[in-house]
4 protein chains.
Amino acid sequence: MVFIEGLPGVGNVGKLAAEHLIDELHAEKFADMYSKYFPPQVLVDDDGIVKLVRNEFYFIKHNKNLESDIIFLVGDYQGLTPEGQYKLSYEILKLVESYGVKLIITLGGYGLGRMIDKPKVLGAVSTSDLIQKMKDYGVVFQRGEPGSGIVGASGLLLGLGKIKNIDGVCLMGETSGYFADPKSAQEVLKVLTKILNITIDFSELEVKANQIDKITSQIRDIEPPKMKQKEEDLHYIG
Amino acid sequence: MVFIEGLPGVGNVGKLAAEHLIDELHAEKFADMYSKYFPPQVLVDDDGIVKLVRNEFYFIKHNKNLESDIIFLVGDYQGLTPEGQYKLSYEILKLVESYGVKLIITLGGYGLGRMIDKPKVLGAVSTSDLIQKMKDYGVVFQRGEPGSGIVGASGLLLGLGKIKNIDGVCLMGETSGYFADPKSAQEVLKVLTKILNITIDFSELEVKANQIDKITSQIRDIEPPKMKQKEEDLHYIG
Amino acid sequence: MVFIEGLPGVGNVGKLAAEHLIDELHAEKFADMYSKYFPPQVLVDDDGIVKLVRNEFYFIKHNKNLESDIIFLVGDYQGLTPEGQYKLSYEILKLVESYGVKLIITLGGYGLGRMIDKPKVLGAVSTSDLIQKMKDYGVVFQRGEPGSGIVGASGLLLGLGKIKNIDGVCLMGETSGYFADPKSAQEVLKVLTKILNITIDFSELEVKANQIDKITSQIRDIEPPKMKQKEEDLHYIG
Amino acid sequence: MVFIEGLPGVGNVGKLAAEHLIDELHAEKFADMYSKYFPPQVLVDDDGIVKLVRNEFYFIKHNKNLESDIIFLVGDYQGLTPEGQYKLSYEILKLVESYGVKLIITLGGYGLGRMIDKPKVLGAVSTSDLIQKMKDYGVVFQRGEPGSGIVGASGLLLGLGKIKNIDGVCLMGETSGYFADPKSAQEVLKVLTKILNITIDFSELEVKANQIDKITSQIRDIEPPKMKQKEEDLHYIG
């Protein structure tokens, strides 16, 4: 049993990746999580129907194409306060532990503060046994990165899981952090599908990535040549 | 049994509407709610008598002019923190549920950030069954509005009520959001009285609306002609 | 049994008044109150000895010069958060209620934001029965003051006491609010000693008031004549 | 049994001193403390392995060179909120009390906001009995310092310990507060080792102190002569 977390965060990389995988695998929702640690707010859909902000658990059973059962966690928000983050992560772990989870994979973005053409997927793990395995799947371990640690659910689930002796890995797609980044999500998913030994279709993420690319290149075309030059330089520095 | 919430919020539209209806129907107070989630403060009336800040529940039994029992919630403040908002809404729901409430109607303002002459009443509902009914009463369902969802008691009571399978609707009067807006409250009440199938007198709200109108038009007269022109343009743009 | 609260606040008026009265009556400390709602801090005295921040309860039994038993509450800080304020006031009330307190007198400052020569003592009460009595003692009830209510322990103790049917009055000495104001504290004490029907010596407060007066008049002398004029005008406007 | 606290704070003086002493005495870790009052974060080491932020307890038994058993507390963070600070200090005290601790020594920095060549070690104690003893070890008791009291774990552990009748002393090394200050930590350790009647090697702290000195003198060399002059003046004023 694998547990995959993709809550909102930098560039929404984890959320985009997890939601795409849920769609492609046709995983089914089995639980909603509401909490006083979320914003006191309902969202309103296009028809005018309200939905209390929440996190959602999805499940897909192993089958001929999928070696392991998977539980997914996605949602509208993370806990608002440090204490809320701890309490939610603790309850989430208790739940997935009760289902016999053996590996936690948390998905996130790694904000660079500059545009990036070929996002790498950085990794952090709860135990040294996982490092070589993850490197074989293309995960990059970069000394001193992420320097400030991993904040929020992606970090806490690994850290609390480690105390409970559940193995864990965090996959962080490099991203500018300026907007939702489907290209970075796709790179994360390429690694994740290798770990899970499955094949999925990326076309929907690619469509989204192309839309974003079009918008950002339009912005660049509006800029005067000099500025554009500068920005392109920037591309190849980092 | 209908439950109507009108706590302070944008333009105090919900509070003004609910308090006017309580007055007109001669509903009677049956409970005060105090909470550590309210500001640590007493209000002082004109005689110098203190009153701990609170929310108040009013009740009116059905009668020949009123088809349904109604519980009202009005008050000085909403909960100060997200956690407080959740805890208070949860306790409020438990109370009104124990009285057998079948429909929750929350009242609020929808801030436009500009002056508005003929405020519409926007709606959001907890179940699709209510959309057509509400449209028949004049409620407007506008795709993508409110884009940021509904924050606070008006949202939470619907969202938490939905989990408990209690139907709910939020009526939002358009308002500038710059001051208490009795005109918007009146529009909300016109819709609400149709839903409740009752007739009430609006004259007191109209008096208040005229006072506000006088103040805002005086402000406009003080402004130099050019500025005034601009502001009037603004009126008809939005 | 009377309960008198004088915690830090605007101009430290309540604290100065209560501490002076404790000294003059030789009331004795009978309890310390520590709380996680106070700042996480020790104070260090002139010898270098630490003291955890706290509130203190003092007691003086009725005697031939004093008609009633009195409990005093003074201290370094009020609760830091709204929730802390409520929890502390609630615990304080439970304690003094267990001793049979019949009247709560809370002391505070009423900040004017300008210098004031003859501070009045404003009042607010929990029950209309007390208004005339307090007026007879020289307390001023000013329609619409304090407009923003009474925030903190001075307000909450009255408001929560009212729910428990304990009579209460808040005495607010007018003060600039710019510095600790022993003159305002003295005015509050003049009223309070009339209520308690006792006579005390004010000389120590007067010494402190003279020191403050000297400092503020020196500041005025440094100012150029024109500024000085203006400030004196200010004195007589409010 | 002595309990020594060296959590992060001004100039990280306490943390540097405690960690150096743990290393030199080869004290062994016997407990980790995790808390919802810490930041919701994992740290990532150079290999990419995560560690939930925490505090750590170390222990060294008395031996021929060490008169007393010692428990150390060091860690990544202090509690984030006032309430968290109280709860953590309370739990820490309960733990060390259960081991029979007779003396609490908290280590910290005393920020001067200017460069300092020969940092003194200021003291604050929980009982007057300790003042002369500490003076004999070179601790400076300076009337009115620290004026704002001692905030955080170094203060709370003393203050709460005092209520439980456990003696305590806080040793504060003077520091600019601009950067981690191993020189100040060394001065604190000189006093602390006298109190504990042990001899330790300071060479590693001296290496760190020299590195910092080099950096700050380089910064001074870069500055234009006039600025440099000014800064040196500053050195000898305070």
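This tour proceeds through a predicted model, stop by stop, and states what to select at each one.

**Stop 1: a strand in chain C**

Begin by selecting strand β8 of chain C, residues 121-125. This strand is mostly covered, with five of its five residues buried. Which residues cover its two faces? On one side lie C:Val121, C:Gly123 and C:Val125, and on the other C:Leu122 and C:Ala124; all are buried, and both faces are covered.

Next, add strand β10 of chain C, residues 167-175, to the selection. The two strands run antiparallel and are joined by five bridges. To see one pairing in detail, show C:Gly123 together with its bridge partner in β10(C), C:Leu171.

**Stop 2: a sheet built from chains C and D**

Now select β4(C), β3(C) and β9(D), which form an open sheet in that order with antiparallel pairing. Why do two of these strands have a side without a neighbour in the sheet? β4 (50-52) of chain C and β9 (150-151) of chain D stand at the edges, and each has a single partner strand, so one side of each is left without a neighbour.

Keep strand β3 of chain C, residues 41-44, in view: three bridges join this strand to β4(C), and the two run antiparallel. Within this pair, C:Val44 stands opposite C:Val50 in β4(C).

**Stop 3: paired strands in chain D**

Move to chain D and select strand β5, residues 55-60. This strand is mostly covered, since five of its six residues are buried. Two pairings of β5(D) may be examined in turn.

- Strand β2 of chain D, residues 28-33, runs antiparallel to β5(D) and is joined to it by five bridges. Here D:Met33 has D:Asn55 as its bridge partner in β5(D).
- Strand β6 of chain D, residues 70-75, pairs with β5(D) in the antiparallel sense over six bridges. Here D:Tyr58 stands opposite D:Phe72 in β6(D).

**Stop 4: salt bridges**

The next selections concern charged side chains. Side chains of opposite charge can pair when their charged atoms come close. Over all chains, a search of the whole structure finds 56 salt bridges.

Select A:Glu56 and A:Lys29, whose side chains meet in a salt bridge of 3.2 Å, N to O. A:Glu56 lies in strand β5 (residues 55-60) of chain A and A:Lys29 in strand β2 (residues 28-33) of chain A, so the pair ties together parts that are 27 residues apart in sequence. Is each partner buried or exposed? A:Glu56 is buried, with a relative accessible area of 13%, whereas A:Lys29 counts as partly exposed at 36% relative accessibility.

Then select B:Arg143 and A:Asp46, whose side chains meet in a salt bridge of 3.1 Å, N to O. This pair crosses between chains: B:Arg143 is in the loop between α3 (129-136) and β9 (150-151) of chain B, and A:Asp46 is in the loop between β3 (41-44) and β4 (50-52) of chain A. B:Arg143 is exposed, with a relative accessible area of 64%, and A:Asp46 is partly exposed at 45% relative accessibility.

For a salt bridge inside one helix, select D:Lys15 and D:Glu19, whose closest N and O atoms are 3.2 Å apart. Both residues lie in helix α1 (residues 13-25) of chain D, four residues apart, about one turn of the helix. D:Lys15 counts as buried at 17% relative accessibility because the cut-off for buried is under 20%. D:Glu19, with a relative accessible area of 30%, is partly exposed.

Return to chain A and show A:Lys29, A:Asp32, A:Arg54 and A:Glu56 together: salt bridges that share partners join these residues into one network.

**Stop 5: charged patches on the surface**

Switch to a surface view and select A:Lys87, B:Lys87, C:Lys87 and D:Lys87, which form a positive surface patch. One of these residues, D:Lys87, lies in helix α2 (residues 82-98) of chain D. D:Lys87 is partly exposed, with a relative accessible area of 33%.

Where is negative charge gathered on the surface? Select A:Asp23, A:Asp201, A:Glu204 and A:Glu206, which gather in a patch of negative charge. Among them, A:Glu204 is found in helix α6 (residues 203-222) of chain A and counts as partly exposed at 49% relative accessibility.

**Stop 6: the start of chain B**

Finally, select B:Met1, in the segment before β1 (2-5) of chain B. B:Met1 counts as partly exposed, at 21% relative accessibility. Add B:Gln186, which is 185 residues away along the chain; the C-alpha atoms of the two residues are separated by 23 Å.

Conventions
Residues numbered from 1 in each chain as written. Chains lettered and ligands numbered in written order. Predicted model: local features only at pLDDT ≥ 70, side-chain atom pairs only at ≥ 80, totals over all residues. Heavy atoms only, no water. Patch = residues over 30% accessible without salt bridge, like charges linked within 9 Å, V, L, I, M, F, W, Y side chains within 5 Å. Areas by Shrake-Rupley, 256 points an atom, 1.4 Å probe, with all protein chains shown as cover. Salt bridge = Lys/Arg side-chain N within 4 Å of Asp/Glu carboxyl O. Lys, Arg positive; Asp, Glu negative; His and termini not counted. Charge placed at Lys NZ, Arg CZ, Asp CG, Glu CD. Buried < 20%, exposed > 50% of the residue type's maximum accessible area, 1.4 Å probe, protein only. Pairing = 2+ DSSP bridges.
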